[in-house]
Amino acid sequence: MSDQHLTGTTDVSETRAAQTAGWKTICDDPRVLGWGSVALVLLVWEISAYVSGVSPLYLPRPSQIVVALVTMFLTGGLATDLGVTLYRIFAGFAIALVVGTLLGVWIATSFRVRAIADMFIAALYPLPKVTLIPLLIIWLGTGGPFMLTISALGAIFPILINTVLGVRQCDPGLVLAARDLGATKQQIVRKVLIPSAIPAIFAGTRLGLGVSIILVVAAEMVVGKLGLGARLYLSGQILETEQVFAVLIVLAALGIIVTKTQDAIDIWLGRWRIT
Amino acid sequence: MTSHAVAIECRDLGLTFPGASGESTVALSGVSCSFLPGKVTAIIGPSGCGKSTLLQIVRGFLDPSRGHLSFAKLEGGAAAQRPAMSTVWQAFNLFPWLTVVENVAFGLELAGVPKGEREERARKAIAAVDLRGFERKYPRQLSGGMRQRVGIARALVMKPDVLLLDEPFGALDAQTRLVLQEQLARLVEQSGTTAILVTHSIEEAILLADAILVMSARPGRIVATIDVDLPKPRNHGTTHDPQFAKLFEQIYGLLRDEVMVAMVNESGGA
């Protein structure tokens, strides 16, 4: 408290802060703020939809959506759709992670490979990957290979580009120190360049996984018979608005889980950066 | 311990860097010197004189444009190959994602020493630099002086024939430097290794070295070789020795003019 006294700007705000200290600590908890505001929005939504009597065709109430969600999970096969979509996202992402990292290290460590790859990356990276869907369908059909390809294509560029940056930003002093301790070229790559690039590689996987999710769901909306995207599209076609919202909730929940998991991994990876 | 010791002979070393605009930079010119087995030799000179370049040539990271290096085992026979060398760096160059013990064991790991043995050797080396209890810390959690002690342990654990010290205390504050100089003097003495110390500090050179090579401003040449006969172990008290003052004056006298030349060079006057 003495610290607060030293740094406090005005006496008035300080007394007020002291009086409402308990309330303030609750309000300053990011989790309370985050979840509290979500709950508040849902409550306002529920009440206003109920009071105004708007048709559930346009705006179903949250309680109706929850009922639809539970029903879809229990009897409507939504779990299967979720499983299929997750498989497509993560299998494609895993391919992108392995290929992107290896290719990135190769590009970063070889002047010639970098010169060649530069043009291809410049051409392909800014291209919206959804525009490749028609071509990929012609080549691969609409089955598993198509889905894995589109998912991997979405993730590979952010991973590759970040790997190149991360490896190239490695402190040359560390490479020199490793050479001094007897490292071979291969050991330098494995034990110095890649570890030093891991924070950057992980930043790339964060972006890449996001793009993979977008692309897989979009592709499912175009061609899928299974998967969350297909389910979303079909529900919309038959004006089952509750089901549309239910799928959106599943997608939003997926987003939250992915983001929070990445945050946790980020902290774990960065433990040596904490002073 | 002296079986480790190796003598290095540099004959007429020269190094010229080709410049971008056709004009080349002469970094070293006609450097002849020897590093005696089991002794500490300091290289001192104005900034940019090529001291670190000379060290890189000895290490084998840079090839001289002319002249050559030879290595000889103490027993007299010429060494067939480059002796084992380890460097202590001014910027520490510790691997930030590895703990202290992993950093110290890094070279042993590269050499394929089994995990149990390398950890044990690393722990001993860490204890020798008074860092017991910090084995599981990451470099960022340590002070500058502690980081450099990790750097020293990492180099010494390799049991090098030649220890290269590239301005090892240049990044540290004055007090930390004093303590580490004494500690390093003791460790080098115990290991019996041949050591080459590149430094800006006349005091550091006298405290640690058996011989001091004074270099000229660029292009670097050896202008004098000065033997230091002060009794060992030396510590901060040694600086009050009248002979210390005499050596200091002598080296400063040699360096003063070279530093002036280097300053003119650096300001673009040459």
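# Reasoning from values to words in a predicted model

Student: What makes the radius of gyration of chain B agree with that of a compact globule?

Tutor: In this predicted model, chain B has a radius of gyration of 19 Å, and a compact globule with 270 residues would have one near 18 Å, so the value for chain B agrees with the rule. The C-alpha atoms of chain B fill a box of roughly 55 × 45 × 40 Å along the principal axes, and chain B holds seven helices and nine strands.

Student: How many of the residues of chain B count as buried?

Tutor: Of its 270 residues, 43% count as buried. As for contacts in chain B between residues at least 6 apart in sequence, 73% of them join residues at least 24 apart.

Student: Why is P64(B) called buried?

Tutor: A residue is called buried if 20 or more other C-beta atoms lie within 10 Å of its own, and P64(B) has 22 such neighbours, so P64(B) counts as buried. P64(B) is placed in the loop between helix 1 (51-59) and strand 4 (66-73) of chain B. Leaving aside residues up to four places away in sequence, P64(B) touches L13(B), G14(B), L15(B) and I57(B).

Student: How far apart are P64(B) and D12(B) in sequence and in space?

Tutor: They are 52 residues apart in sequence, while their C-alpha atoms are 9.8 Å apart in space.

Student: Why are helix 6 and helix 12 of chain A called oblique to each other?

Tutor: Helix 6 (residues 78-109) and helix 12 (residues 228-237) of chain A pack at an angle of about 130 degrees, with their axes 8 Å apart. Angles over 145 degrees count as roughly antiparallel and those of 65 to 115 as roughly perpendicular, and an angle of about 130 degrees falls under neither heading, so the two helices are oblique to each other.

Student: Which residues meet where helix 6 and helix 12 of chain A pack?

Tutor: From helix 6 of chain A come L78(A), D81(A), L82(A) and T85(A), and these meet L228(A), G229(A) and R231(A) in helix 12 of chain A. By class, this contact has three nonpolar, two polar and two charged residues.

Student: How do you know that chain A and chain B touch, and which helix of chain A supplies the largest share of its side?

Tutor: The count of contacts tells us, with 13 residues of chain A in contact with 16 residues of chain B. Helix 10 of chain A gives the largest share of the side that touches chain B, namely five residues. By class, that side of chain A has seven nonpolar, four polar and two charged residues. For the complex, the predictor gives an ipTM of 0.88 and a pTM of 0.80.

Key:
Residues numbered from 1 in each chain as written. Chains lettered and ligands numbered in written order. Predicted model: local features only at pLDDT ≥ 70, side-chain atom pairs only at ≥ 80, totals over all residues. Axes fitted to C-alpha atoms, helices over the stretch in contact; angles between N-to-C directions. Helix = DSSP H or I, 4+ residues; strand = E, 2+ residues; numbered from the N terminus. Parallel < 35°, antiparallel > 145°, perpendicular 65-115°, else oblique. Contact = placed C-beta atoms within 7 Å. Nonpolar A, V, L, I, M, F, W, Y, C, P; charged D, E, K, R; others polar. Rg over C-alpha atoms; globule rule 2.2 N^0.38 Å. Buried ≥ 20, exposed ≤ 12 C-beta atoms within 10 Å, placed from the backbone.
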